[in-house]
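This report is meant for someone meeting the structure for the first time. Please keep the model open beside the text while reading.

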Amino acid sequence: MKQELHQVIISLASNDQQKQHLEAARQQLTLLLSDLHFTTEHWTDPVHNLHPAQYLNQLCEGTTTFSANLLEEVLKEIEKRLGRTKNEDGIVAIDLDLMLYDDERHHLRDWERHYIKDLLGELSTPTA
């Protein structure tokens, strides 16, 4: 029996050792998803002033057989493996957010961020 493929968009962000953490996350996502495409990287200023370092952001689109819940659990495990902690100092080693699962949008406020809008233009997945 063939498993159903789901179209996904995942956002990647880091404000600590940004290039290294995004590269490590891309390697993990390559093992997790198929039909993968990454956008260019985009620097942004922090939204909150907990930590002054800029964020490096990127989007990834691909396909998966995982359910949305399982995919989100795996993304959180990857974050932990790459050094993400729940501390309140504003340092984010890596943030991986499921933005789109088939036609279902997640992290609705993030869709309004200018870099998300800009980077969506580099993807082939319809997002309307």
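The paragraphs below go through the nonpolar cores, two helices, some single residues and a contact between a charge and a ring.

The structure is a predicted model, and what follows should be read with that in mind. Its largest nonpolar core has 20 residues, and the members that touch the most others are Ile10, Leu29, Leu33, Leu75, Leu96 and Leu98. Two or more residues each come from strand E1 (6-14), helix H1 (18-32), strand E4 (55-64), helix H2 (68-81) and strand E5 (95-101), and H1 gives the most, with 5 residues. Another core, of 10 residues, lies apart from this one, and its members include Met99, Ile116, Leu119 and Leu120. In soluble globular proteins, nonpolar side chains tend to be buried together.

Two members of the largest core show what surrounds them. Leaving aside neighbours within four places in sequence, Leu96 is in contact with Ile10, Ser11, Leu12, Ala25, Leu75, Lys76, Ile78 and Glu79. Leu98, which lies in strand E5, counts as buried because its relative accessibility is 1%, and buried means under 20%. Not counting residues up to four places away in sequence, Leu98 touches Val8, Ile9, Ile10, Ala68, Leu71, Glu72, Leu75, His106 and His107. Although Leu98 and Leu75 are 23 residues apart along the chain, their C-alpha atoms are separated by 8.1 Å.

Helix H1 has 15 residues, which at 1.5 Å a residue should span 21 Å, and its end C-alpha atoms are indeed 21 Å apart. Its buried residues are Gln18, His21, Leu22, Ala24, Ala25, Arg26, Leu29 and Leu32, and they pack against E1, strand E2 (34-38), strand E3 (42-44), E4, H2 and E5.

Helix H2, with 14 residues, reaches 20 Å from its first C-alpha to its last, close to the 20 Å expected at 1.5 Å a residue. Where do the buried residues of H2 fall when seen down the axis of the helix? The residues concerned are Ala68, Leu71, Leu75, Ile78 and Glu79, and they fall within an arc of 100°, so they line one face of the helix. An α-helix has 3.6 residues a turn, so residues three or four places apart point the same way. The buried residues of H2 pack against E1, H1, E4 and E5, while the face turned away from the buried side carries the exposed residues Asn69, Glu73, Lys80 and Arg81. Just after H2, Gly83 takes a positive phi of about 105°.

Most residues other than glycine have a negative phi. Two residues that are not glycines nevertheless have a positive phi, as the table sets out.

| Residue | Phi | Relative accessibility |
|---|---|---|
| Asp102 | about 55° | 27%, partly exposed |
| His107 | about 50° | 36%, partly exposed |

Asp102 is found in the loop between E5 and strand E6 (104-105), whereas His107 lies in the loop between E6 and helix H3 (114-120).

Lys2, placed in the segment before E1, is exposed, with a relative accessible area of 76%. Lys2 and Thr65 are 63 residues apart in sequence, and their C-alpha atoms are 9.7 Å apart in space.

As for the aromatic rings, the count comes to 0 aromatic pairs when ring centres must lie within 6.5 Å. Arg105, however, lies over the face of Trp111, at 3.9 Å from the ring centre.

Terms used. Residues numbered from 1 in each chain as written. Predicted model: local features only at pLDDT ≥ 70, side-chain atom pairs only at ≥ 80, totals over all residues. Heavy atoms only, no water. Core = buried A, V, L, I, M, F, W, Y, C linked by side-chain atoms within 4.5 Å. Buried < 20%, exposed > 50% of the residue type's maximum accessible area, 1.4 Å probe, protein only. Helix = DSSP H or I, 4+ residues; strand = E, 2+ residues; numbered from the N terminus. Contact = heavy atoms within 4.5 Å. Expected span 1.5 Å × (residues − 1). Arc of directions from axis to C-beta. Phe/Tyr/Trp six-rings, centres within 6.5 Å; stacked < 30°, edge-to-face > 60°. Lys NZ or Arg CZ within 6 Å of the ring centre and 35° of its normal.
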